[in-house]
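User: Got a two-chain model open here and I'd like to talk it through. Can you walk me round it?

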Amino acid sequence: MADYSEHMTKAADLGLENGRVPTEYYTSPEYFRREQEMIFRRAWLMVGRVEEVPEPGDYVVRDMPTLKASVIIARGKDGEVRAFHNACSHRGVALVCQDRGNALTFRCPYHAWTYRIDGSLSAIPGEQDFAHVDKAANGLARIHLDSWSGFIFLNFADEPEVTLPEYLAGLDVMLEGAPFDQFPFYVAVTDEIDCNWKNLVNAFNEGYHVAVLHAKTLRPMVVPKDNPHLHYLDIKQFGPHSAGTVPRNFDYNPQAPALTWVYAQMLPTSAPDMEAIAQGRAGFYEHPGINRLNIPNFGTETITIFPNISIQPLANGYLFYQFWPISEGRMRTEVRVYARHAPRTLREEFAMASTLAATRDVVVEDMAMSRLQQIGFESGGKKFQHFGQNEPLLRMFTRDYEAFLAGGGLGPPARQAEAAE
Amino acid sequence: MSQVTLPQQFAFLEPFVANWGGLRSADERYAKRQELAQGELEALHAALAPRLEEVFTHLDQFDPQALPEAEALLFRVVLGLTEAAQAVEIFGQPRVPHAPFPHSVKMAWAGYQPH
């Protein structure tokens, strides 16, 4: 096998010297308040997929705990997808009470003020008593929305400082045409954990822990002999976002009877489809922006979108992780496992349920460790944590985190599509 | 529970009906796995894992969305293995190390109603 050690990007290769980071960032209510204002009200936030609202009139309601926002995302009769605060213009009621549906209008259950699916106010019962209300100016409050590759992004600023393409800073160019739309079916796994959200962001930005924390789960599958600390390869920076190539252990050959049977029914999203790879039709594998080194044992390209998203394209689907802070010591994780299709047989349902249990248990390991980490931070004996040369993305995230808190981070849009090497 | 019983050829799974036959979601099965002793999880695994193909050859005959009661009960017991196998084949213990107990996660399949 070729030697890929030269592609194991070190922090110093990226000029990142910040190896010591204050634990205060992870425990302080004041930092959380600044994160709300300086990061989550300024950044473009990835919240879902356009396939969630495929038809005119389709809507979903998302609760976003970080900003205490209730958001309606709806596709209008004109086909445009829009986002609104879920609040009646009259006296503020969160008027859409179902998680999802299809509607021509939204009617407030309090006094029946009624809105069209495009958010405009269409009817006020007893309108003569509201002569002072300009209907044209009192539709549902819009939230800026744009999409890239089918992913919906919201921006809660009154006026976004940069456009979504400027925000993505070249990551969008590298991944243009990546076949996310070929995997429309998903299962969402959601949990709330007593830890700071950045603990989870960091866990997904380094492979160093995989051989230890995931010794029984992921290690046999993904850690190859020639990269025992699962060093990410070929790290690429795009503004505050990044991508790195993660190998896989192609010697993995499970013998356990239930697991073997499951693999024979339906390959999990994560497992390489050797036959398809040989025939050059293995989903994301063929995309030029993914696995640029063309390593033969490619596992995933782990893509981090600032501040709180990780996407991992895999052989037969992809994983989409969202990490939402609720407070400095509590967060919500939503993991979506995307696949080509829903189960068509009971065999496939069993296989999918089995691999979901396995995926959940891996994420539970990460969440459990992040909770223990929070206990340690809050104990107060350590003022700093250490990020190694082999944890460059943690240093990079911290650099950009500090820039956002200081009022920067958003531009001018530097196209940094260069690899570190 | 009513007197629904397993299809006759799968009577060997009868000892596992009480624990697994009434569970209706992945979260209930995850909770059950955390509660049971490893020996109970190993017993289900030992009885069922080598015979999965036989079970599904039988279930293949039915419409997945309209299972007769006996087959629906069988499939619910079999789904117990999705959790038991994690304990037996992966962890060597019922619970994920360091996770809170009891632990629960929300799981939602988009546009599909799992059994």
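**Chatting through the model**

Analyst: Sure. One helix to start from is α10 (residues 346-379) of chain A, which lies across β12 and β18 (330-339) of chain A together with β1 of chain B. The helix runs at about 25° to β12(A). Bear in mind that this is a predicted model.

User: Which strands make up the sheet with β1(B) in it, and in what order?

Analyst: The order is β13(A)-β14(A)-β15(A)-β16(A)-β17(A)-β18(A)-β12(A)-β1(B), so 8 strands in an open sheet with antiparallel pairing. β13 (233-238) of chain A and β1 of chain B stand at the edges; each has a single partner strand, so one side of each is left without a neighbour in the sheet. On average, neighbouring strands are turned by 15° against each other, direction ignored.

User: How many bridges join β12(A) to β1(B)?

Analyst: There are 4 bridges between β1(B) and strand β12 (residues 185-193) of chain A, and the two run antiparallel. If you want a spot to click on, Thr190(A) stands opposite Lys106(B) in β1(B).

User: And inside chain A, how do β14 and β15 pair?

Analyst: Antiparallel again, over 6 bridges: β14 covers residues 241-247 and β15 covers residues 298-305, both of chain A. Look for Val246(A), which stands opposite Thr300(A) in β15(A).

User: Back to the contact between the chains. How many residues does each one put in?

Analyst: Chain B gives 34 residues and chain A gives 33 residues. On the chain B side, α4 (52-59), α5 (69-91) and β1 (106-109) each supply at least two residues. α5(B) gives the most there, with 11 residues.

User: What's the chemistry of that chain B side, nonpolar, polar or charged?

Analyst: The residues of chain B that touch chain A divide into 23 nonpolar, 7 polar and 4 charged.

User: Switching topic: what does chain A look like overall? How many helices and strands?

Analyst: Chain A has 11 helices and 19 strands. Its radius of gyration is 23 Å, close to the 22 Å that the globule rule gives for 421 residues, so chain A is as compact as a globular protein of that length. Along the principal axes, its C-alpha atoms fill a box of roughly 80 × 55 × 40 Å.

User: What share of chain A is buried?

Analyst: Buried residues are 46% of the 421 residues in chain A. As for contacts in chain A with a separation of 6 or more, 67% of them come from residues 24 or more positions apart.

User: I was staring at Phe404(A). Is that one buried or exposed?

Analyst: Buried, because Phe404(A) has 21 C-beta neighbours inside 10 Å, and the cut-off for buried is 20 or more. Phe404(A) sits in helix α11 (residues 392-405) of chain A.

User: What's Phe404(A) in contact with?

Analyst: Leaving aside neighbours within four places in sequence, Phe404(A) is in contact with Met38(A), Ile39(A), Arg42(A) and Gly409(A). Pro125(A), on the other hand, is 45 Å from Phe404(A), C-alpha to C-alpha, and 279 residues apart from it in sequence.

User: One last bit: what about the sheet with β8 in chain A?

Analyst: That is an open sheet of 3 strands in chain A, ordered β7-β8-β9, with antiparallel pairing. β7 (105-107) and β9 (121-123) stand at the edges, each with a single partner strand. The twist averages 35° from one strand to the next. β8 (residues 114-116) is joined to β9(A) by 2 bridges, and Thr114(A) has Ala123(A) as its bridge partner in β9(A).

Key. Residues numbered from 1 in each chain as written. Chains lettered and ligands numbered in written order. Predicted model: local features only at pLDDT ≥ 70, side-chain atom pairs only at ≥ 80, totals over all residues. Contact = placed C-beta atoms within 7 Å. Nonpolar A, V, L, I, M, F, W, Y, C, P; charged D, E, K, R; others polar. Pairing = 2+ DSSP bridges. Axes fitted to C-alpha atoms, helices over the stretch in contact; angles between N-to-C directions. Buried ≥ 20, exposed ≤ 12 C-beta atoms within 10 Å, placed from the backbone. Rg over C-alpha atoms; globule rule 2.2 N^0.38 Å.
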